[in-house]
Amino acid sequence: MHESHLIKPIIKGLTEHAKKEKANKVTNIKLKIGELTGVKEDSFKETFKVLARDTILEGADLELVFFPGTKIEVISFDIE
């Protein structure tokens, strides 16, 4: 779970933003991930699933788009 330190701030930020929007649930998340971060898609998604349990993000579909670079950015997310 080396991705934990990358995922925790994403969960925190999306949770805070969704709550400001008075959302009940985040349903879809699209992230742009730099290939130089060393992130492996399956491992990232599994770690995200574990860390999102009991949050407003639990069960959200997670789409990852890889690009040459070192950053991770939130492209979009949908709320209900």
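How many bridges join β1 to β3, and in which direction do the two strands run? Select both: 7 bridges join them, and they run antiparallel. Strands (E, at least two residues) and helices (H or I, at least four) are DSSP runs numbered from the N terminus.

This is a predicted model, in which local features need pLDDT of at least 70 and side-chain atom pairs pLDDT 80 or more, while totals for chains, interfaces and linings use all residues. Residues are numbered from 1 along each chain as its sequence is written, and side-chain values use heavy atoms, with hydrogens and water left out.

Add β2 to see an open sheet of 3 strands, ordered β2-β1-β3 with mixed pairing (strands pair if DSSP finds at least two bridges between them). β2 and β3 (72-79) are the edge strands. From one strand to the next the twist averages 15 degrees.

On β3, pick Asp78; Asn28 stands opposite.

Next, show the helices. α1 packs on the sheet, touching β1 and β3 (contact: heavy atoms within 4.5 Å), and its direction makes about 40 degrees with that of β3. Axes are lines fitted to C-alpha atoms, for helices over the stretch in contact, with angles from 0 to 180 degrees between N-to-C directions. α2 touches β1, β2 and β3, at about 145 degrees to β2.

Now select Leu62. Leu62 touches Ile29, Leu31, Phe44, Lys45 and Phe48, not counting residues up to four places away in sequence.

Finish at Phe67: Lys32 lies over the ring face, 4.7 Å from the ring centre (the rule: NZ of Lys or CZ of Arg within 6 Å of the centre and within 35 degrees of the ring normal).
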